[in-house]
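Reader: Got a minute to go through a structure with me? I have short questions, starting with the cavities.
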Amino acid sequence: MLTQNLGYPRIGSQRELKKICENYWADKTGYKNVLQVGKNIRHENWKLQKEAGIDIIPSNDFSFYDHVLDHSLTFGAIPKRYNEVILKKGNAELDLYFAMARGYQKDGLDVVAMEMTKWFDTNYHYIVPEFYKDQPFKLFSTKIIDEFYEAKQFGLTTKPVLIGPVSYLLLGKEKEAGFEKIDLIKNLLPVYIDILSRLDALGAEYIQFDEPFLTLDLTEKDQKAYQYAYKEIRKAFPQLKIVLATYFEGLGNNLALAAALPVNVLHIDLVRAEDQLTDVLAALKEETILSLGLVDGRNIWKNDFEKSVSIINQAIEKRGRDKIWIAPSCSLIHSPVDLDNETNEQNLSAEIKQWLAYAKQKIAELATLKKLITNESPASTLQKLEENKLAISNRKVSKIIHNPEVKARVLALKSDDAERLSAFSTRKIKQQELNLPSYATTTIGSFPQTAEVRSWRAKLKNGTFTEDEYNSLIAEETAKAVKWQEEIDLDVLVHGEFERNDMVEYFGEQLAGFAFSKNGWVQSYGSRCVKPPIIFGDVSRPEPMTVKWTAYAQSLTDKHMKGMLTGPVTILQWSFVRNDQPRSETCTQIALAIRDEVCDLEQAEIKIIQIDEPAIREGLPLRKADWQNYLNWAVKAFKISASGVKDDTQIHTHMCYSEFNDIIQNIADMDADVITIETSRSQMELLDAFADFKYPNEIGPGVYDIHSPRVPKREEMVQLLKKAKAVIPSAQLWVNPDCGLKTRGWDETKKALIEMVEAAKEMRKTEEVLAEDLQVN
């Protein structure tokens, strides 16, 4: 029985990848240094897995930014607008690669970035491939071959990892009409054949094809593409051992399709879909090896060895030990790197830490599970089993998990608790007293957090600053931000969130039932890493969380100051969530905590309150049949958080990187007075869903992309607003960036927001001229 890993975190044990890439983008280090750090991370990862005893170790799971973007570069799926970037730069491949991810605005060029969206229902973002009718593909980057060869020189014959051809196409987006992206399968497959030919010549034995779309609803054309692609691959390479990896959900009605594909190993996710095992065992061909995804690749809870051993034995009884592998449920890029880095009990108590496993520990869990089955090193292995049983047992009976008062409050909820006092049409009239202009301008909440601001927080934590010293500096920074917003004439201001470390972590630190790591970083996109809170118990709000700084900022201005909160679904989605009760129950507990904060902000005379829910679309189950159950409790949780206020208090929400067409009714059901959304990279395409639906409430379509360092011109934003006005009545439109500005620099932020305000004023003048013309006529 072999162990395999599907992928390992690529950020480095100390976030080395983040640091070197950001230094490179800032022209503080050279090209060769970036490549060396990447090589160091790969070697560290391979060494760790080898020493842990993993039998089949992956390569090509490393990426400098995003593995989907890696594939687009590999396949030559490079949009034509980047041609000049290739010609301009000496270090063409890496700079082209980063330009595709981040845009490019120097050397006399101004090229926008490719779109970014969520990787299935995770908080990882990928760069969306762009496809055109009859698009050709060619082998442009040899990264996958180079890294396999590098591993051989290191002393390992690894298992190269590729996104499967069907999933790669389905991850992309058609950029012109008249074709379906899956139609490109025959154009794309020769590049896969070329890659496999080169890997085969270098001595590759196993090749992993990630095909997560096999766990989603497929069209008949998609199914035929799977059959065609893997038949052609098998025909070309009868000797290669193909590992087909599925994850994030069960195979469901695609089981017969997956089981019939000519592959050697089928991997299934038994964490997200434990109940599929019996059906899969019955459906597999006799010669196919089954890889059991038993160790949770997406959460931090320790594996229950007794339960896993029982599942493994069930599979062995049906197929024999030589036809069973064990593995994580999915790639470990969604896990923090190493629990051994958590050395401070002030961050993470010993009681909670005993329940956890990061990527390094999950690799060790795989090795232990194998030994428990094969009876290797019985004494030490049995000791690990007993330690595991004790930790699992301790968690079940721990007194820090359950709060009867929280559970009682959830049970006491009534239907009215999830409804505003009046319909939006009534609220809109009352909210006219806010006296906002047409095309009202605002931001999504956060302003740039400079190294200086972050250093203040670090000094407060290590005791170098007193609380008073820290608060004085934050107050000064907040006052400067308020004054600057007034100077550029923004309509609805924000306090800038300089006191906040992260939009989820900040709230979790003040809520009961949450714990925090010091080094539990996971990649969100590119160099952006987040440190998700750990929800280990029942959630409540002991005291107000944001009122102090919001009220202070409001005291500095006569303009409206927007209260900024993170919504219950996003706090849930972007945390490591307890797995001992339904997620819906945990979400409702969080919603009640946020409701208390909303009501306190209203009491403090804050008239506009934003409850961010960027993750509500991300949380959708992968199968449409399961959507409505999730949407029922997710929308209800948002409404519980927002519905404790009067009609004249305006509730905003923000969503980013989401496709809304298929859930627009549910978005409307949330009944936020204003919704702000990401639309700039898609050139306002996302507004079509709201227009077709005749969305009744107000909308702020993002007019510039904050995930790119380029500064958009005013004319660009005016054109986007004109596109928005063409489908949404101007009386409903707000003007704002795509998302928060925390990760941007002040120079670009100031330039972009000044242009944004002027774009809104230009639109108002146009409206005034049109109104005058109508009166004259």
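Reader: Which strand gives the most to the lining of the largest cavity?
Author: β19 does, with three residues. Strands here are DSSP runs of E, at least two residues long, and helices are runs of H or I, at least four long, both numbered from the N terminus. A cavity is a set of points on a 1 Å grid over the protein atoms alone, where a 1.4 Å probe fits but cannot get out; lining residues have an atom within 4 Å of a point.

Reader: Before we go on, what kind of model is it?
Author: It is a predicted model: local features need pLDDT of at least 70, side-chain atom pairs count only at pLDDT 80 or more, and totals for chains, interfaces and linings use all residues. Residues are numbered from 1 along each chain as its sequence is written, and side-chain values use heavy atoms, with hydrogens and water left out.

Reader: Back to that cavity. What volume does the largest cavity have?
Author: About 550 Å³. The volume is the space filled by probe spheres set on the grid points, which are joined across faces, edges and corners.

Reader: Which residues lie nearest its centre?
Author: D502, M503, R528, W574 and C739, out of 35 lining residues. Besides β19 (560-566), β16 (522-525) and β17 (528-530) each supply at least two residues of the lining.

Reader: How does the lining divide by class?
Author: There are 17 nonpolar, 11 polar and seven charged residues. Ala, Val, Leu, Ile, Met, Phe, Trp, Tyr, Cys and Pro count as nonpolar, Asp, Glu, Lys and Arg as charged, and the others, Gly among them, as polar.

Reader: How many cavities of 30 Å³ or more are there?
Author: Six. The second largest holds about 160 Å³ of space. Its lining has 16 residues, and R10, H67, V161, D210 and S331 are the closest to its centre.

Reader: Which elements give two or more residues to that second lining?
Author: α3 (67-74) and β6 (159-163). β6 gives the most, with three residues. By class, this lining has seven nonpolar, six polar and three charged residues.

Reader: Now β19 again. How many of its residues are buried?
Author: Six of the seven, so β19 is largely enclosed by the rest of the structure. Buried means under 20% relative accessible area, exposed over 50%, and partly exposed in between, with a 1.4 Å probe and protein chains only.

Reader: What is the strand order in its sheet?
Author: β14-β19-β21-β22-β23-β24, an open sheet of six strands with parallel pairing. Two strands pair if DSSP finds at least two bridges between them. β14 (492-493) and β24 (698-701) stand at the edges with a single partner strand each, so one side of each is left without a neighbour in the sheet.

Reader: How many bridges join β19 to β21?
Author: Five, and the two strands run parallel. T566 has D612 in β21 (residues 608-612) as its bridge partner. On the other pairing, two bridges join β14 to β19, and V492 stands opposite H560.

Reader: What about the three-strand sheet, which order does it have?
Author: β15-β18-β20, open, with mixed pairing. β15 (512-515) and β20 (576-577) are at the edges. β15 pairs with β18 (residues 534-540) in the antiparallel sense over three bridges. There A512 stands opposite S540.

Reader: Change of topic: the nonpolar cores. How many residues has the largest?
Author: It has 103 residues, and I667 and F690 have the most contacts inside it. A nonpolar core is a set of buried Ala, Val, Leu, Ile, Met, Phe, Trp, Tyr and Cys residues joined through side-chain atoms within 4.5 Å. Helix α24 (residues 627-642) gives the largest share of this core, 10 residues.

Reader: What is I667 in contact with?
Author: I616, M655, F660, I675, F690 and Y695, leaving aside neighbours within four places in sequence. Contact means heavy atoms within 4.5 Å. A second, separate core has 99 residues, including I182, I242, A259 and I324.

Reader: Last one, two glutamates. E505, buried or exposed?
Author: E505 is buried, at 5% relative accessible area. Its place is in helix α20 (residues 505-508). Beyond its neighbours within four places in sequence, E505 is in contact with F516, K531 and P533.

Reader: And where is E44 found?
Author: In helix α2 (residues 31-52). E44 is partly exposed, with a relative accessible area of 35%. Not counting residues up to four places away in sequence, E44 touches S13 and E16. The C-alpha atoms of E44 and S13 are separated by 8.9 Å, and the two residues are 31 apart along the chain.

Technical notes: 1 Å grid on protein atoms, 1.4 Å probe; cavity = no way out; pocket = protein on both sides within 12 Å on 5 of 7 lines; lining within 4 Å.
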